[in-house]
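Q: Please take one part of this model, the places where aromatic side chains meet, and go through it closely for someone who has not seen it before. Please also say what lies around that part.

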Amino acid sequence: MLCASLITLGLSVIDPRLFQGASVWHKPWKFQISTVLYWWSLAWFISYFGPTEQFSWSRRFIVWMSLIAGLFEVVYISWQGAFGLASHYNTSSPFYGAMYTAMAVFAVLLTSTAGVLGYKVLRDQAQTFATSLALRHAIGWGLIISSVLGIVTGGILGGRANSGGHWVGGTTNDALGLMVLNWSRDGGDLRVAHFFALHAMQILPVMAMLFIWLTPSMSANTSKRFIWLLAFAYSGFCILTLIQALSGAPFMN
């Protein structure tokens with residue numbers, strides 16, 4: 001997937017075609033990079049488990065469903081991008097309507113794998129998850145936040161096929177959006193909340209590792225409580241960005 005993203009990035013440079021003000025290859029590239037991060041994170045966190053988990057049904061579900069669902073999403077989005085056509089919000093024919101529904105189903109299945117892994121991390125009664133207590137809770141809650149809020153924000157996004165898509169007021173075009181991310185600068189953009197929700201699984205563990213490094217003498221239970229507070233604050237931040245977008249206000253102007 002990383003190799004595919006490099007090829008797609010090259011195509012965006014040499015192909016002048018635009019879709020909604022951005023390169024037709026820009027959206028496929030963003031989803032390819034996002035999938036790389038998602039798969040890499042799952043692999044990183046699963047590696048903390050001992051060998052007894054190697055052949056469990058939950059681990060098989062996490063690995064295979066994330067691969068199948070991730071590939072379906074990226075292949076269809078890249079295929080549509082190659083022809084300059086919309087993948088999201090495209091219900092212009094029965095086929096495209098069915099594919100949009102399939103995308104929603106696979107997106108939920110893909111995001112649910114993070115929730116299953118997060119639950120397993122937090123419920124590891126056998127203590128086979130080989131890392132500190134604070135980092136284990138940061139990983140577990142980060143995965144669950146990504147799963148729950150990712151599905152919630154994605155559901156709100158997906159349900160706006162006939163009411164403006166991810167834009168809420170402002171210019172319905174990515175040409176004037178923020179660099180790389182393309183978030184609207186003159187209106188609400190629901191992609192902001194979805195982005196921060198999905199990437200909780202990377203952001204919380206990285207913040208936890210920084211906190212553990214800065215406070216080496218803090219007790220394990222105190223560090224764990226700080227991680228809970230951090231997870232609660234991060235969830236609140238995601239919800240605030242969702243409310244901000246729904247009100248028609250830009251995240252950054």
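A: Helices and strands are here DSSP runs numbered from the N terminus, where a helix (H or I) has at least four residues and a strand (E) at least two. The model is a predicted one.

With those names in place, a starting point is T171, which lies in the loop that joins β3 (167-168) to β4 (188-189). T171 is partly exposed, its relative accessible area being 31%. Its side chain makes a polar contact of 2.6 Å with the side chain of D186. Computed along the sequence, T171 is 162 residues from L9, and the C-alpha atoms of the two are 25 Å apart in space.

Now to the rings. How many aromatic pairs does a search of the whole structure find? The search gives 14. One of them joins W183 and F196 in a tilted arrangement, with 5.9 Å between the centres and 55° between the planes. W183 belongs to the loop between β3 and β4, whereas F196 sits in helix α6 (residues 191-198), so this pair ties together parts that are 13 residues apart in sequence. Are these two residues buried or exposed? W183 has 5% relative accessibility and so counts as buried, the cut-off being under 20%. F196, with a relative accessible area of 14%, is buried as well.

Another pair, F211 with F226, is stacked, with centres 3.9 Å apart and planes at 15°. This pair also links distant parts of the chain: F211 is in helix α7 and F226 in helix α8 (residues 220-246), 15 residues apart. Here the two partners fall into separate classes of exposure. F211 counts as buried at 13% relative accessibility, while F226 is partly exposed because its relative accessible area is 32%, and buried requires under 20%.

Ring pairs also build a cluster. Its members are W183, F195, F196, Y234, F237 and F251, so the tilted pair of W183 and F196 is part of the cluster.

Two rings have a charged side chain over them. The charged end of R60 sits over the ring of W57, 5.5 Å from the ring centre. K120 lies over the face of F49, and the distance to the ring centre is 5.6 Å.

F49 leads on to the nonpolar surroundings, since F49 is one of the residues touched by L117. The largest nonpolar core holds 24 residues, and those with the most contacts inside it are Y38, L42, L117, V121, I139 and L143. At least two residues of this core come from each of α2 (26-46), α3 (57-82), α4 (94-122), α5 (133-158) and α7 (200-214). Of these, α2 gives the most, with six residues. Leaving aside residues up to four places away in sequence, L117 touches L42, F45, I46, F49, I62 and L143. A second core, separate from this one, has 13 residues, among them A200, L230, Y234 and C238. Y234 also appears in the ring cluster.

A last residue to look at is S78, found in helix α3. S78 is buried, at a relative accessible area of 15%. Again not counting residues up to four places away in sequence, S78 touches W25, P28 and Q32.

How values were computed: Residues numbered from 1 in each chain as written. Predicted model: local features only at pLDDT ≥ 70, side-chain atom pairs only at ≥ 80, totals over all residues. Heavy atoms only, no water. Core = buried A, V, L, I, M, F, W, Y, C linked by side-chain atoms within 4.5 Å. Buried < 20%, exposed > 50% of the residue type's maximum accessible area, 1.4 Å probe, protein only. Contact = heavy atoms within 4.5 Å. Polar contact = N/O pair within 3.5 Å; in protein donor to acceptor, adjacent residues only side chain to side chain. Phe/Tyr/Trp six-rings, centres within 6.5 Å; stacked < 30°, edge-to-face > 60°. Lys NZ or Arg CZ within 6 Å of the ring centre and 35° of its normal.
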